[in-house]
Amino acid sequence: MAAVRDGEFAALQSLLKAPSRDAVRQLCQECFSSPPAGLGPLAQRACPGFAAGPEEAEQLVSALHNLTRHVVYRGLTSAEEILSLFPENFHQNLKNLLTKIILENVSAWRNEAQASQISLPRLVDMDWRVDIKTSSDSISRMAVPTCLLQLKIQEDVALCGNSPVVSALTVELSKETLDTMLEGLGRIRDQLSAVANK
Amino acid sequence: VSSQQFSALTEVLFRFLTEPKEVERFLTQLSDFATMNKISLGPLKNIVKSILLVPNGALKRNLSSEQVRADFIALGRRLSELIACLLLLQWKVNSPTLTRLAVGQTLMINQLIDMEWKFGVTAGSSELEKVGTIFLQLKLVIKKGSQTENVYIELTLPQFYSFLHEMERVKTSLESFS
């Protein structure tokens, strides 16, 4: 995220016309969460609340989006760091209010950014059951336990937007396969602890 | 050994009986018979000895056709029992393997055949300059009918530990049923 430009700070001054602090808070959150494509509609919704024309609203929303995203990108966590972003002559009270709001939300926003980052399909849930096979066309009597594992997988969040596609995959494992898999998972766990202990 | 082959063997035997001096020729013919029919010579010789006892005994005791027939039937029964014993022994030794193969042929749905993994650290992203979180990626190879399908999944660390815990519970459950 590029640093916020001076022109954008000017646009932020429109916030002085906000009806209440909560309105400012609300707008900050919406601007952060919205993807760039959603800023247009958001600006239109904000117009009436901030007594601003469409162009002004668009600039405000865009500036707020960039500011909040920039803070999260750089990982700024202290008031000083955030305050230092604003230009010298910026409205003092507004600067303090924005800094306060941003500080309140920064860790939640960071989690949101991490949750929505690109990734392979993610595991969201898993269920299992153990069956005993008693008979089949190749052997009439047996008592073989087998495991059915259902994995619920969600496709890449960034691609699905608001309607994530979750697919369920059911997999059958024999005891031997499960043992091998556990061996592999155990090795992962050992490697993870080795990395964690370094 | 088919009846045709056995008939050839009996011809060899009786030719020897009728020309007892032709020992060399008899042994050569026996050996050829063994090779042609892929039987080992040692057991064949033992069987031949047993068979030859009957005509020799019949002559010594001047047995009638009926009695000779009875003797050959008795011999046949002993040979059958011997064959049955040998086959039973092979069956006992191999049946665990055969059973396992039959079970292995039993239908499995979306069988998991392989699992590969990698894990690493996410260094940064377009939204976050420095990240430093661990990710784990699994590739599951699944048999769907006659084709294989690869499924890629990503897990967070807590999910991995929970997955491992659940799989250990499955193992305990499977073990208690075997």
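**Exercise 1. Decide whether Ile102(A) is buried or exposed, and find which residues it contacts.**

Solution. At 0% relative accessibility, Ile102(A) counts as buried, where buried means under 20% relative accessible area, exposed means over 50%, and partly exposed lies in between, with a 1.4 Å probe and protein chains only. This is a predicted model, in which local features need pLDDT of at least 70 and side-chain atom pairs count only at pLDDT 80 or more, while totals for chains, interfaces and linings use all residues. Residues are numbered from 1 along each chain as its sequence is written, chains are lettered from A and ligands numbered from 1 in the order in which they are written, and side-chain values use heavy atoms, with hydrogens and water left out.

The next step is to place the residue: Ile102(A) belongs to helix α6 of chain A, where helices (H or I, at least four residues) and strands (E, at least two) are DSSP runs numbered from the N terminus. Leaving aside neighbours within four places in sequence, Ile102(A) is in contact with Leu67(A), Thr68(A), Val71(A), Ile82(A) and Trp109(A), contact meaning heavy atoms within 4.5 Å. For one of these partners, Thr68(A), the C-alpha atom is separated from that of Ile102(A) by 7.0 Å, although the two residues are 34 apart along the chain.

**Exercise 2. Describe how helices α2 and α6 of chain A cross.**

Solution. Two packed helices are described by the angle between their axes and the distance between the axes. Helix α2 (residues 21-33) and helix α6 (residues 92-115) of chain A have axes that come within 10 Å and cross at roughly 35 degrees; such axes are lines fitted to C-alpha atoms, for helices over the stretch in contact, with angles running from 0 to 180 degrees between N-to-C directions. The crossing of α2(A) and α6(A) is right-handed, that is, the near helix is turned clockwise from the far one by less than a right angle, whereas anticlockwise would be left-handed. Residues that make the contact include Val24(A), Cys28(A) and Phe32(A) of α2(A), and Leu98(A), Ile101(A) and Trp109(A) of α6(A). Sorted by class, this contact has 7 nonpolar, 3 polar and 5 charged residues, where Ala, Val, Leu, Ile, Met, Phe, Trp, Tyr, Cys and Pro count as nonpolar, Asp, Glu, Lys and Arg as charged, and the others, Gly among them, as polar.

**Exercise 3. Locate Phe50(A) and find which residues it touches.**

Solution. Begin with the position, which is the loop between α3 (39-49) and α4 (54-74) of chain A. With a relative accessible area of 6%, Phe50(A) is buried. Not counting residues up to four places away in sequence, Phe50(A) touches several residues, among them Leu15(A), Ala18(A), Leu27(A) and Leu60(A). The C-alpha atoms of Phe50(A) and Val24(A) are separated by 9.4 Å, with their places 26 residues apart along the chain.

**Exercise 4. Find which groups the side chain of Lys133(A) reaches.**

Solution. Lys133(A) sits in strand β1 (residues 122-133) of chain A, and it counts as buried because its relative accessibility is 16%. Within chain A, a polar contact of 3.0 Å joins its side chain to that of Glu172(A); a polar contact is a pair of N or O atoms within 3.5 Å, and within protein one must be able to donate a hydrogen and the other to accept it, while residues adjacent in sequence count only if both atoms are side-chain atoms. Towards chain B, the side chain of Lys133(A) reaches the backbone oxygen of Leu107(B) at 3.2 Å. Its contacts beyond four places in sequence also include Thr106(B) and Met108(B).

**Exercise 5. Compare Asn62(B) and Asn110(B): which is buried and which is exposed?**

Solution. Asn62(B) has a positive phi of about 55 degrees although it is not a glycine, and Asn110(B) has a positive phi of about 50 degrees, again without being a glycine. Asn62(B) is found in the loop between α3 (41-61) and α4 (65-104) of chain B, and Asn110(B) in the loop between α4 and β1 (111-122). Asn62(B) is exposed, because its relative accessible area is 68%, whereas Asn110(B), at 18%, is buried.
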